[in-house]
Amino acid sequence: MCPSGRTLCAETATTTTMTSDFRPAFDVLDSDRDGKISKDDLRAFYAGFSSSGADENLIGSMMSAADSNKDGFVQYDEFERVLGGGGGGARSSWGVMEDVFKIMDKDGDGKLSHEDLKSYMSAAGFAATDEDIKAMIILGGGDDNQGVSYAGLLKILAVDHVG
């Protein structure tokens, strides 16, 4: 639920670990809401941020890294294992979230502006008003003029970065 009180995504069961809850980020990538991330979901996500879409090699690499049971999909537990570290070290575990931030940050200024977030929410299939976007930026510790930092994005997504 957005700080303004509006619900922006489907209610889902959450899986919480002692250090993180990646469900909001998972739900954004699962564009067809079938409970798993496919190559098509990743293509849809990247299409919202790049006129050329995502490089198929990049999508294949991402799927290979996360799809531990090799069924062609990334289930939540696999997603959580990749982002949660799973023995991979801090840079590898948070590199994916940093890459998402960089994609969202269209002008590369290190902040997600109101327009960056509005575009992201629209591409992810969430109806968000300008007031919703302002509330998200405030939740992330930013202001509507300056935008929100990477750490602020993690707050918005309710992801605790411990380490």
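**Phe 79.** I began with Phe 79 in this predicted model and looked up what touches it beyond its neighbours within four places in sequence, and I found Phe 22, Ala 25, Phe 26, Leu 29, Ile 37 and Val 74 in contact with it.

**The core around it.** I then asked which residues have the most contacts inside the largest nonpolar core, and noted that they are Phe 79 and Leu 117, in a core that counts 35 residues. Looking up which elements give two or more residues to this core, I listed helix H1 (23-29), helix H2 (39-47), helix H3 (56-66) and helix H4 (76-83), together with helix H5 (90-104), helix H6 (114-123), helix H7 (130-139) and helix H8 (150-156). I placed this core between domain 1 (22-85) and domain 2 (95-158), because both domains give residues to it.

**The cavity.** Next I searched for enclosed space, and the structure turned out to hold one cavity of 30 Å³ or more; I wrote down about 60 Å³ as the space in the largest cavity. Its lining is made up of 10 residues, and those that lie nearest the centre are Ala 25, Leu 29, Met 97, Val 100 and Tyr 120. I recognised Ala 25 and Leu 29 from my entry on Phe 79, where both are listed among its contacts.

**What the lining is made of.** I asked how the lining residues divide by type, and recorded 10 nonpolar, no polar and no charged. At least two residues of the lining come from H1, and at least two from H5. Domain 1 (22-85) and domain 2 (95-158) each provide at least three residues of this lining.

Definitions and conventions:
Residues are numbered from 1 along each chain as its sequence is written. This is a predicted model: local features need pLDDT of at least 70, side-chain atom pairs count only at pLDDT 80 or more; totals for chains, interfaces and linings use all residues. Side-chain values use heavy atoms; hydrogens and water are left out. A nonpolar core is a set of buried Ala, Val, Leu, Ile, Met, Phe, Trp, Tyr and Cys residues joined through side-chain atoms within 4.5 Å. Buried means under 20% relative accessible area, exposed over 50%, partly exposed in between (1.4 Å probe, protein chains only). Helices (H or I, at least four residues) and strands (E, at least two) are DSSP runs, numbered from the N terminus. Domain bounds come from an automatic or database domain assignment. Contact means heavy atoms within 4.5 Å. On a 1 Å grid over the protein atoms alone, a cavity is a set of points where a 1.4 Å probe fits but cannot get out, and a pocket is an open set with protein on both sides within 12 Å along at least five of seven lines; lining residues have an atom within 4 Å of a point. Grid points are joined across faces, edges and corners, and a volume is the space filled by probe spheres set on the points. Ala, Val, Leu, Ile, Met, Phe, Trp, Tyr, Cys and Pro count as nonpolar, Asp, Glu, Lys and Arg as charged, and the others, Gly among them, as polar.
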